[in-house]
Each structure stands twice: as C-alpha cells, then as structure tokens.
Amino acid sequence: MKQTGTLPGVMKSQTFILFLVLIALNIFFALMSDHFLQLGNYFNMLKQSSALLLTAAAATMLMMTGNFDLSASANLAFSGVLYALLAAAGLPLLLAALITLAAGMGFGLINGLLVTRWEISPFIATLGMMFIGNGLALVVCGGQSVRSGLPENFRDLMNAELLGLPVPILIALVGCTLFWVLTNRTLIGKYAMAIGSNRNAALLSGINVNAITLGLFVAVALMASLSGIMTASRIGAGDPRIYEFFFMDVVVAIMLGGTPLSGGRGSIIGTLIAAMIVIVIGNGLSMLNVLIFWQTIIKGVILIVAMILNQKVKLGAPSRSAMPPADQLGAAPASLPAQ
Amino acid sequence: MGAGKTEVCEILYGHPCAGEIRVKGKAKRLDDVRKSLKAGLALVPEERREAGIFGLLGIRQNIPLMNMANVKSRGLVRRVEENRLADHYIDALSIAARDREHQVSLLSGGNQQNVVIAKCLNRDSDIILMDEPTRGVDVGAKQEIHDIIRELVGQGKSIIVFTSELQEVVQLCDRIALMYDGALREIVPNGPDLDTDHIMKNVAGEEIEA
C-alpha cells in the first residue's frame with residue numbers, strides 16, 4: 001500500500017506550516033523595525049494576547065462539537081465593564097471578579113440551554129446573546145467607559161509578576177495547558193470530537209451530547225468573562241466598546257488554526273499558534289505605523305485564506321485514500337498487507 | 001416494508017413506548033439510550049454513515065467511544081490503552097486498514113461496519129441489536145460479519161438481527177420473529193425443516209390456515 005496522509009498527519013503538517021509562518025512573520029518584523037525583536041515587546045505581546053489565548057482555546061473546544069459562540073466578545077465587554085463598576089463601587093477585587101465570572105457564566109448557561117434544550121441553531125442563539133451582551137455592556141455604564149473611582153490595585157492583576165513572569169502570561173499558560181489536556185486526554189475532549197464528527201452516532205453511543213455541549217458553552221463564557229476582567233485590568237478601565245477587534249481575533253485564530261465550523265476535528269495548538277500570528281501581525285504592523293483599519297482588512301484576508309485552506313484539506317482528504325470506494329471493498333482484506 | 005422492525009429496534013434502544021420491556025426477566029424502562037446501554041444492550045444501527053461511524057476520526061478514536069472506561073485511568077485517557085484496544089479489534093475482526101489511525105470514512109462499507117461492531121463489542125453488552133448488519137456490504141464482507149455474529153453467540157452473547165433478507169435469517173438465526181405491518185405474526189424456530197414459503201407468506205401478510 002502506498003504512503004498516504006491520514007487526517008491527523010495533514011493537521012499536524014498544517015500546524016507546522018502555521019508555526020513556520022509565525023517564525024517568518026517574526027523575522028520579517030524584526031528586519032523591518034528596530035523595536036520589534038525585544039524581550040519587553042514580546043512580554044507586551046504575550047500580555048496582550050493572554051485574553052485572546054484563553055478564550056480562543058476554550059472556543060476551539062466548543063467548535064470541535066460543531067457549535068460556536070458569537071457572544072464571547074460581548075461577554076468580554078460586559079464583564080470588563082461590570083468588573084470595573086463593582087471595583088469602583090468599593091468591592092474587594094476578588095469579590096468583584098467572582099461576581100463578574102458568575103454573571104459571565106450566565107451567558108454560557110443561556111447559550112447552552114438555547115442550543116441544547118430549545119434546539120435553536122448556535123448561530124441564532126449566540127447572535128442574539130451577542131446583541132444582548134453588547135447592549136448590556138453599554139446600559140450598565142451609561143455608554144461611558146468606567147475609569148474614575150477605580151482602586152489603586154485595579155491594574156495589579158496584569159502588571160504583577162510571579163517567578164519572574166508576568167501574571168497574565170502565567171494565567172494564559174495554565175489555561176491553555178488545561179484546555180490542551182481537556183481536549184486530548186479527557187473524556188470531555190474525546191466526546192466533543194465525537195459529537196462534531198457525528199452527532200447521531202454520539203447519541204446512539206450513549207454520549208450525553210447535551211451535557212457536554214452545555215458544559216463547553218459555559219467554559220467559553222467563563223474564559224470570555226475572565227478575559228474581560230484581564231482586559232479591564234490591562235487598560236485600567238471598563239470599556240464597553242472593546243469587543244470589536246477581540247471578536248475578529250478569536251474567529252481568525254480558531255479558523256486559521258485548522259478547526260472547521262462544522263467541528264469533528266481541531267487543534268488547540270493550532271489555535272494558539274494562529275492567535276500568536278494574529279497578535280504578531282497586529283503588533284508588528286503597529287510598529288510600522290500601519291493604521292489599525294488596515295490591520296482589520298489584513299485580518300479579513302487572512303480569515304478568507306484560512307477558510308480556503310481548510311476547505312482544501314477537507315476536499316483533498318478522500319483522494320488521499322488508497323482504499324477503494326466503499327462498495328468495492330470489504331471482500332479483499334486478504335490482499336492487504338498486515339500491519 | 002414498514003413491517004416495524006426498525007421501530008422495535010428503536011423502542012429497545014432509547015425510544016419511549018407504552019408497553020413493558022423485560023431484559024433477562026426484569027422489567028426495564030428503556031426510554032433513553034443510556035438506560036438501554038446500562039441494561040446491557042448495544043446497537044449496530046442500520047444507517048452506518050449517518051448513525052454508526054465517526055467518519056472524521058480514526059479507528060483508534062472510534063472504537064472506545066461506547067465505553068471509555070477501558071482506556072481511562074485516573075481520569076485521563078491513555079493513548080497506550082487506545083492503541084492496544086484498536087490493535088486488538090483490528091486483528092480480531094480483520095479490519096482492513098493501513099493502520100489504526102486510518103480515517104473511518106475512508107474505509108470500505110464492510111470495514112466500517114466492523115468498526116461499528118468493534119465499538120459495540122468494547123461495550124461488552126450481553127445483547128447486541130443489529131439492524132440490517134450486512135446492508136451495503138459485498139458478499140465477502142457479509143460472510144465475515146455472519147462469522148462474527150456466530151462467534152459472538154458462541155461466546156454467550158445474544159444477538160438480535162433485524163433484517164429483511166430471508167437468506168440471512170435462514171443462515172443466522174436460532175429463532176425467527178416474523179413481522180408484518182407493525183405487528184408480530186409468529187415466532188418460529190430455525191431448523192432443517194424450516195418452511196421458507198410459510199415465512200414468506202407470513203411477512204407478506206397473507207392469511208395462514210391453522
């Protein structure tokens with residue numbers, strides 16, 4: 001039998017190509033700007049990307065089931081504003097964070113119940129929740145970003161260091177490791193992949209499809225909410241309009257990382273590398289004084305190219321098979337070399 | 001057709017019904033797939049591609065999905081155990097594949113069916129429901145699946161085969177339940193003096209004189 005590419009093989013190579021692209025981008029920007037290739041800039045980029053990495057990792061897992069959450073960015077904006085408001089009202093930061101996370105989790109519960117119990121398509125359900133979340137973020141703060149009355153330690157979460165590493169980077173590291181383990185080494189991950197691959201077969205195999213789906217919607221909401229808290233700490237304010245670019249970055253990271261909308265496969269590592277590509281492009285272009293509006297256009301182009309690549313992988317897969325079509329084989333196991 | 005065999009299958013496997021179901025003499029409520037699995041049933045569904053295989057995943061990932069306990073220890077899924085399980089069933093059911101990572105949607109019909117059967121066997125259920133187990137597979141693969149069924153019966157499993165092929169019934173079954181238009185007509189034992197005309201008349205809905 002000829003050497004053939006299995007899907008994991010293709011995905012691995014796709015992740016590897018992404019990694020090469022990331023390196024190439026780093027070299028490109030290092031050559032173009034004197035300020036890019038500096039430890040301080042990398043720490044800065046990682047800090048900025050910590051929220052994106054967390055949410056994208058969780059959202060990748062959800063997307064493996066064939067579901068997705070358009071409301072994550074609205075949740076982030078709402079959570080950031082709520083956290084700032086609670087902090088400004090004098091609540092201890094930990095308590096403010098816990099209340100915010102609980103409220104953010106509400107997004108996930110509602111999304112999950114709409115999709116699992118009422119069988120509304122994830123697109124409609126989470127689009128509705130995105131509108132509601134964006135509106136809520138504006139309503140609770142009267143449309144003004146929350147800047148005054150914040151306690152002095154408000155920005156500590158993002159500026160503190162532990163073991164010589166900035167805390168947000170550590171949080172992202174722990175979070176991403178957790179989601180990698182969940183995806184590749186636990187039942188939740190195996191079931192998520194199975195649900196995305198074939199929902200009916202998952203049901204008939206006794207997999208609790210609704211519980212897994214609901215749980216992952218909640219996980220995404222929690223990470224989006226935590227990202228909101230982290231973003232508010234980083235910029236030192238609760239800004240209800242922060243969501244626009246975040247939303248795009250999450251989508252580009254997941255799609256570019258090789259997880260299709262329909263689910264059934266996906267890669268946390270791919271998403272993380274793609275997220276870093278998004279961050280490096282944003283940072284590098286800013287250093288070259290490219291307007292943020294142009295960055296948006298460039299990311300749009302990247303998204304479309306990523307989709308074309310994904311489509312190619314999907315369409316290309318069957319032709320890579322060395323097995324004859326289904327209706328011709330079955331009788332011929334003897335002719336195949338034993339593995 | 002519309003004899004109601006798939007409906008019987010569904011009722012045994014998660015579909016609510018009005019009547020009483022007894023498994024090994026005990027009355028059970030099987031209105032949820034997980035309850036049926038717990039009661040010791042497992043299903044090889046008729047629609048292999050739509051409801052049986054996880055096409056995008058490899059053989060290794062497909063086989064444990066009905067019973068992950070076999071590949072899990074201390075909360076984590078062990079790749080070594082997944083590999084061991086896949087190798088075992090690829091060998092035991094002679095699944096023709098390049099390797100255990102072979103994407104299942106790219107296997108032949110007969111081999112896909114063997115993956116579905118392997119998934120059920122890993123569950124170690126006592127009663128296996130097979131709805132049209134050899135539909136869409138060629139003659140050789142059909143023979144293999146029949147051999148597997150006989151071997152399972154030899155191991156003490158009960159297999160309920162739902163089929164519309166007389167030949168399959170005659171070759172495989174110990175007891176034959178004949179259905180027509182949603183109702184059970186008769187249960188006949190298989191044997192050398194089996195009257196196939198009688199069977200055909202029954203499932204065609206003709207009146208039988210006593």
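**Exercise 1. Which helices of chain A each supply at least two residues of the lining of the largest cavity?**

Solution, step by step. Keep in mind that this is a predicted model.

- Start with the search: over the whole structure, three cavities of 30 Å³ or more turn up. The largest cavity comes out at about 40 Å³.
- Now list what lines that cavity. Among the lining residues are Leu76(A), Ala77(A) and Gly80(A), along with Gly228(A), Thr231(A), Ala232(A) and Ile235(A).
- Match these to elements of chain A: helix H3 (72–88) and helix H10 (209–235) each give at least two residues to the lining.
- H10(A) is the top contributor to the lining, with four residues.
- Finish with chemistry: the lining splits into six nonpolar, four polar and one charged residue. Asp239(A) is in the lining, and since Asp counts as charged, Asp239(A) belongs to the charged class.

**Exercise 2. Work out what surrounds the largest pocket.**

Solution, step by step.

- Volume goes down on paper before anything else: about 1200 Å³ for the largest pocket.
- Next, look toward the centre. Of the 36 lining residues, Ile160(B), Val161(B), Arg175(B), Ile176(B) and Ala177(B) are the closest to it.
- Then go up to the level of elements. Chain B elements that each supply at least two lining residues include strand S7 (158–162), helix H8 (166–172), strand S8 (175–180) and strand S9 (183–189). Helix H1 (5–12), H7 and helix H9 (196–203) of chain B also make that list.
- Which strand wins? S8(B) has the largest share of the lining, at six residues.
- By class, you should get 25 nonpolar, four polar and seven charged residues around the pocket.

**Exercise 3. Describe the contact of chain B with chain A.**

Solution, step by step.

- Count residues on each side: chain B puts in 42 and chain A puts in 38.
- Add the area: the two chains bury about 3300 Å² between them, with 60% of it on carbon and sulfur atoms.
- Tally the polar side of things. Between chain B and chain A there are nine residue pairs in polar contact, counted with both residues at pLDDT 80 or more.
- Break down the chain B side. Helix H2 (33–38), helix H3 (48–52), strand S5 (76–77), helix H6 (109–123) and helix H7 (139–154) of chain B each give two or more residues to it. H3(B) gives the most, with four residues.
- Sort that side by class: 20 nonpolar, 10 polar and 12 charged residues.

**Exercise 4. Find the salt bridge between the chains, then one that links distant parts of a chain.**

Solution, step by step.

- Recall the idea: side chains of opposite charge can pair when their charged atoms come close.
- Get the total: 20 salt bridges over all chains. Between chain B and chain A the count is one.
- Name that pair: Lys190(A) with Glu82(B), closest N and O atoms 3.0 Å apart. That makes it a salt bridge because the cut-off is 4 Å.
- For the second, take Lys299(A) and Asp249(A), whose closest N and O atoms are 3.2 Å apart. Lys299(A) is in helix H13 (residues 292–319) and Asp249(A) is in helix H11 (residues 243–256) of chain A, so this pair links parts of the chain 50 residues apart.

How values were computed:
Residues are numbered from 1 along each chain as its sequence is written. Chains are lettered from A and ligands numbered from 1 in the order in which they are written. This is a predicted model: local features need pLDDT of at least 70, side-chain atom pairs count only at pLDDT 80 or more; totals for chains, interfaces and linings use all residues. Side-chain values use heavy atoms; hydrogens and water are left out. Contact means heavy atoms within 4.5 Å. Buried area is the accessible area (1.4 Å probe) that two parts lose on being put together, summed over both. A salt bridge is a side-chain nitrogen of Lys or Arg within 4 Å of a carboxyl oxygen of Asp or Glu. A polar contact is a pair of N or O atoms within 3.5 Å; within protein, one must be able to donate a hydrogen and the other to accept it, and residues adjacent in sequence count only if both atoms are side-chain atoms. On a 1 Å grid over the protein atoms alone, a cavity is a set of points where a 1.4 Å probe fits but cannot get out, and a pocket is an open set with protein on both sides within 12 Å along at least five of seven lines; lining residues have an atom within 4 Å of a point. Grid points are joined across faces, edges and corners, and a volume is the space filled by probe spheres set on the points.
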